[in-house]
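Got your viewer open? Let's take a walk through this one, picking a few things to select as we go.

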Amino acid sequence: MRRILVTGGAGFIGANFVHYWLLRYPEDKLVVLDKLTYAGCASSLDSVTENERYAFQKGCIGDRSLVQSLLLKHEIDTVVNFAAESHVDRSITGPDEFIETNVSATHRLLNACRDVWIEQGKKTESHRFHHISTDEVYGSLGPTDPAFTENTQYRPNSPYSASKASSDHLVRAYHHTYGLNTTTSNCSNNYGPYQFPEKLIPLCITNLLLGKKLPIYGDGKNIRDWLFVEDHCRAVDLVVRKGVAGEVYNVGGNCESTNLLLVETICNEFDRFYQDEPELFESYPENWMAKSTASDAIDFVVDRPGHDRRYAVNASKISVELGFEPLIGLEEGI
Ligand code: NAD
């Protein structure tokens, strides 16, 4: 039986992970620690609040004494760290919060785990600190460059990716220096339920329902590798249970798409839904499809500064060593 502290569990991927884990592992206990920033949504966890294997604690991962007391009180043996500032655009207009949360607070979280698990000698052998990171730490690829492997040099380009790169290095250092049993996964772009509507896919969906335009940066040809969030949860599951301490695993969806193609896919789905089910027009009276086809909402806007052109993930290590394959393709996921 595992006792897991899920940090950032009220965020997009964290909430999906909580639902995933409680369903699959009926013996395990989960404690969510979340600061409930603008991106945290307590109601994403409404359906599990009555579950006696689940507890919620509002608070910051950088509050060392709070983290220590949670580790001891709940006899936590596993931390899965989703907590972060996660939106690139916000990191460009306000980088300070990204350095505070993704670097300093993450370091205090590591330090609290080290203190309880190593210094105080609790759970010395069986503990695990799993850190959730991003493919963006590797920088940007040209159209024909090979995909990022775990050995690709870090070249972060935004304050967001630089702050995540810093936390990855701290996790690595805590393994090498203090013997903390860490693993890290660097994942491509996720999408799915509970995502905050500042991110591209839920933003498009919300805007179409509200009759607003769909802003696309630059020429729309920036390429991302898309992964359905439940596939990401399965990958984290494999790394937590079977991954080797000190190792890093890339996670991707084998699903490269330009932003423009992705948005066109969403538009096509909307047009189809609204043709098949005309009663949908009543649910959102301002919806874009009432005045035109969805793709007419596409609006090219000034590019993001320093916008990375292409990310692509080589996920053969997690496939060969842990047996992970993404199961849900982009059209099905959308
Ligand atoms: P999110 O922004 O939706 O959620 C982040 C959560 O962390 C929120 O609930 C927020 O309240 C909480 N939080 C923020 N600061 C905190 C603090 N100091 N203490 C406690 N809680 C805090 O993020 P997400 O999209 O779910 O991403 C989760 C993790 O996955 C992040 O580390 C992100 O870098 C990484 N990641 C995300 C993607 C993606 O496509 N969304 C891809 C790769 C990696």
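Start by selecting I13 and the ligand: a backbone N or O atom of I13 sits 2.8 Å from an oxygen atom of the ligand. Keep in mind that this is a predicted model.

Next, click on D34. Here a polar side-chain atom lies 2.6 Å from an oxygen atom of the ligand. Then try K35, where a backbone N or O atom is 3.1 Å from a nitrogen atom of the ligand.

Now show everything around the ligand. Which residues come nearest? Out of 28 residues around the ligand, they are I13, D34, S86, Y160 and K164.

I13 also takes us to our next stop. Select helix 1 (residues 12-24) and helix 7 (residues 229-242): their axes come within 9 Å and cross at roughly 65°. The crossing is right-handed. On the helix 1 side, the contact includes I13, along with F12 and W21 among others, while helix 7 brings in residues including H232 and V236. Sorted by class, this contact has nine nonpolar, two polar and five charged residues.

For the last stop, go back to Y160 and K164, and select helix 5 (residues 159-178) together with helix 4 (residues 96-119). These two helices pack at an angle of about 15°, with axes 8 Å apart. That is why helix 4 and helix 5 count as roughly parallel to each other. Their crossing is right-handed. Y160 and K164 are among the helix 5 residues in the contact, and F98 and L110 are among those from helix 4. Color the contact of helix 4 with helix 5 by class and you'll find 10 nonpolar, seven polar and two charged residues.

Conventions: Residues numbered from 1 in each chain as written. Predicted model: local features only at pLDDT ≥ 70, side-chain atom pairs only at ≥ 80, totals over all residues. Heavy atoms only, no water. Axes fitted to C-alpha atoms, helices over the stretch in contact; angles between N-to-C directions. Helix = DSSP H or I, 4+ residues; strand = E, 2+ residues; numbered from the N terminus. Parallel < 35°, antiparallel > 145°, perpendicular 65-115°, else oblique. Left-handed = near helix turned anticlockwise from the far one by under 90°. Contact = heavy atoms within 4.5 Å. Nonpolar A, V, L, I, M, F, W, Y, C, P; charged D, E, K, R; others polar. Near = heavy atom within 4 Å. Polar contact = N/O pair within 3.5 Å; in protein donor to acceptor, adjacent residues only side chain to side chain.
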